[in-house]
Structure formats: C-alpha cells, structure tokens
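Subject: Structure handover

Hello,

Here is the structure I promised to pass on. Please open it alongside this note.

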Amino acid sequence: MTTIDYYFYSASPFTYLGHQAIVDVAEKHGATLNVKPVNLMALWAISGAVPPAQRPAVRQRYRLIELQRVADFKGLPINKQPAHFPVDATVADCSIAAIVAGGANPLAYMRDLFAATWANEQDISDEATLTALLKKNGFDSDEILTAAKSETVAAIREQNSKDAIAADAIGVPAYVVKGEVFWGQDRIEMLDHMLASGRSPFAP
C-alpha cells in the first residue's frame, strides 16, 4: 500500500485549504496518510523562509489575495486576517501527534482544528478550544492534552520536523510519496497524477 507522509503545521492556512483534498486523494488511491505535525520554524530555518509579517509588502499583499482565491476555488470559508493569528500551535500540533501515537484516526479532528483559525475565529492556543474540538470528535480531551504536553510527544514532533527537513520539505503542507516531495496544497493534483499514472518518483 502506498504511504503519503503528510507534514503540516496546525496554524498554516494552506494546510487548512489543502486538508480535505489530500484526504480525498489518499482515499481515492487507497493510500495511507502518515500524519506528521512539524515545527514550521525549524523547516523555515533551513529553507530560508520567514513569517508573513517579515516578508516584503508585495508578497504580503499577494498572500492575502491567494488565500481568498484558493478558498473560493475550493468552496471553503476563509478569514484572510483571522483574529488569532499568528498563534502558537505547539499544543495543537502535539494533540494530533498524541492521537496518532494512541493508534486513533485524527483526520476529522484535524479538519475542525485547521478551520478553527481560518474559518471560525477560534484560538487554537487556548486549551478550552482544543478541549471542545477533541470532545466533538469523540476523544478524551484530558487524556489527549496530557499526552500532548509530554516529552514523549514533543520528541515525536521534533523527529517529524527532522524527517521533513531530510525529505527537502520547504514548508507546509508538504506531502512525500516514495521520496518525492510535493510542497503546497496546489501540488495535490500532481500527486494525484503520480499515483494514477504509476510513474516513478522524480529526483534532483
């Protein structure tokens, strides 16, 4: 069975915009999504990217247009400048890692978590927000959040970040199939084509 390594940061708008699409492509091809939250700052330190507020004004303006354009194309709601962004998504990321470590499926929770910032004006650094979303998706919020704040789960996220860097993931979301990295939600169509055609992975 094909595995897709799915690298993401919970506060990333493009992770939000691409989430359902990558879930759908994985289901279409019977592929397994290997869900791997990362420390985005660690990836950017290697790839040379900087947070939106530190980018040239022309790039900041274009980003706001792109968020609206992609959301409109996909039929998703978007707050281009949400009330709770930038936000520390460390515990949110680790709550997903804790669910995975416990052997459960986090995908529906991830959908709601990503939408919290970019569609619903919720603060994902607030444990009350995480608690409500976890309970909505049938998880024991106390158990998951306790695990999310453990050294064990922190080490999982750190290793995911190292794995993403080793795979040449420039940022998030990034999807890796057979060693080939697809960076950005706008590359999901190309990933779909790779799986449909059965082509071999490309290399530098």
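Below is what I found in it, taken pocket by pocket and then element by element.

Keep in mind throughout that this is a predicted model.

**Pockets**

Start with the largest pocket. Its volume is about 1,100 Å³. The lining has 37 residues. Lying nearest the centre are Phe14, Trp44, Pro52, Arg55 and Arg63. Three elements give two or more residues to this lining: α1 (13-29), α2 (40-47) and α3 (57-74). The largest share comes from α3, with six residues. By class, the lining divides into 23 nonpolar, eight polar and six charged residues.

The second largest pocket has a volume of about 230 Å³. Its lining consists of Ala21, Val70, Phe73, Lys74, Gln185, Asp186, Ile188, Glu189 and Met190. Here α3 and α9 (188-197) each supply at least two residues. Five of the lining residues are nonpolar, one is polar and three are charged. Note that α3 contributes to the lining of the largest pocket and to that of the second largest pocket.

**Helix α8**

Does the length of α8 fit its residue count, or does it depart from it? Helix α8 covers residues 151-166, which is 16 residues. At 1.5 Å a residue, the helix should span 22 Å. The C-alpha atoms at its ends are 22 Å apart, so the two values agree.

Which residues of α8 are buried? They are Val153, Arg157, Asn160, Ser161 and Ala164. These residues cover an arc of only 100° around the axis, so they sit on the same side of α8. Their cover includes β1 (3-8), β2 (32-37), α2, α4 (90-101) and α7 (141-148). Turn the helix round and you reach the face away from the buried side. That face carries the exposed residues Glu151, Thr152 and Ala166.

Just after α8, look at Asp168. Its phi is positive, at about 70°.

**Around α5 and α6**

Thr129 is in helix α6 (residues 127-136). Is Thr129 buried or exposed? Its relative accessible area is 11%, and buried means under 20%, so Thr129 counts as buried. Leaving out residues up to four places away in sequence, Thr129 touches Gln122, Asp123 and Ile124.

Follow that contact to Asp123. This residue is in the loop between α5 (107-118) and α6. Not counting neighbours within four places in sequence, Asp123 is in contact with His84, Val87 and Thr129. Asp123 and Val87 are 36 residues apart along the chain. Their C-alpha atoms are separated by 7.6 Å.

Glu121 is also in the loop between α5 and α6. Its phi is near 55°, a positive value in a residue other than glycine. At 37% relative accessibility, Glu121 is partly exposed.

**The loop between α3 and α4**

Gln81 is in this loop. Its relative accessible area is 59%, and the cut-off for exposed is over 50%, so Gln81 counts as exposed. Gln81 and Leu67 are 14 residues apart in sequence. In space they are 9.7 Å apart, C-alpha to C-alpha.

Pro86 is in the loop between α3 and α4 as well. A cis peptide bond joins Phe85 and Pro86, with omega about 0°.

**Around β3**

Another cis peptide bond runs from Val172 to Pro173. Its omega is near -5°. Pro173 lies in the loop between α8 and β3 (174-177).

On the other side of β3, go to Lys178. This residue is in the loop between β3 and β4 (180-183). Phi of Lys178 is near 50°, again a positive value in a residue other than glycine. Lys178 is exposed, with a relative accessible area of 59%.

**Where to look**

For a quick tour, begin at Phe14, Trp44, Pro52, Arg55 and Arg63 in the largest pocket. Move on to the buried residues of α8, including Arg157 and Asn160. Then check the cis bonds at Phe85 and Pro86 and at Val172 and Pro173. Finish with the positive phi values of Glu121, Asp168 and Lys178.

Best wishes

Conventions
Residues are numbered from 1 along each chain as its sequence is written. This is a predicted model: local features need pLDDT of at least 70, side-chain atom pairs count only at pLDDT 80 or more; totals for chains, interfaces and linings use all residues. Side-chain values use heavy atoms; hydrogens and water are left out. On a 1 Å grid over the protein atoms alone, a cavity is a set of points where a 1.4 Å probe fits but cannot get out, and a pocket is an open set with protein on both sides within 12 Å along at least five of seven lines; lining residues have an atom within 4 Å of a point. Grid points are joined across faces, edges and corners, and a volume is the space filled by probe spheres set on the points. Helices (H or I, at least four residues) and strands (E, at least two) are DSSP runs, numbered from the N terminus. Ala, Val, Leu, Ile, Met, Phe, Trp, Tyr, Cys and Pro count as nonpolar, Asp, Glu, Lys and Arg as charged, and the others, Gly among them, as polar. The expected span of a helix is 1.5 Å times one less than its number of residues. Buried means under 20% relative accessible area, exposed over 50%, partly exposed in between (1.4 Å probe, protein chains only). The arc is that of the directions from the helix axis to the C-beta atoms. Contact means heavy atoms within 4.5 Å.
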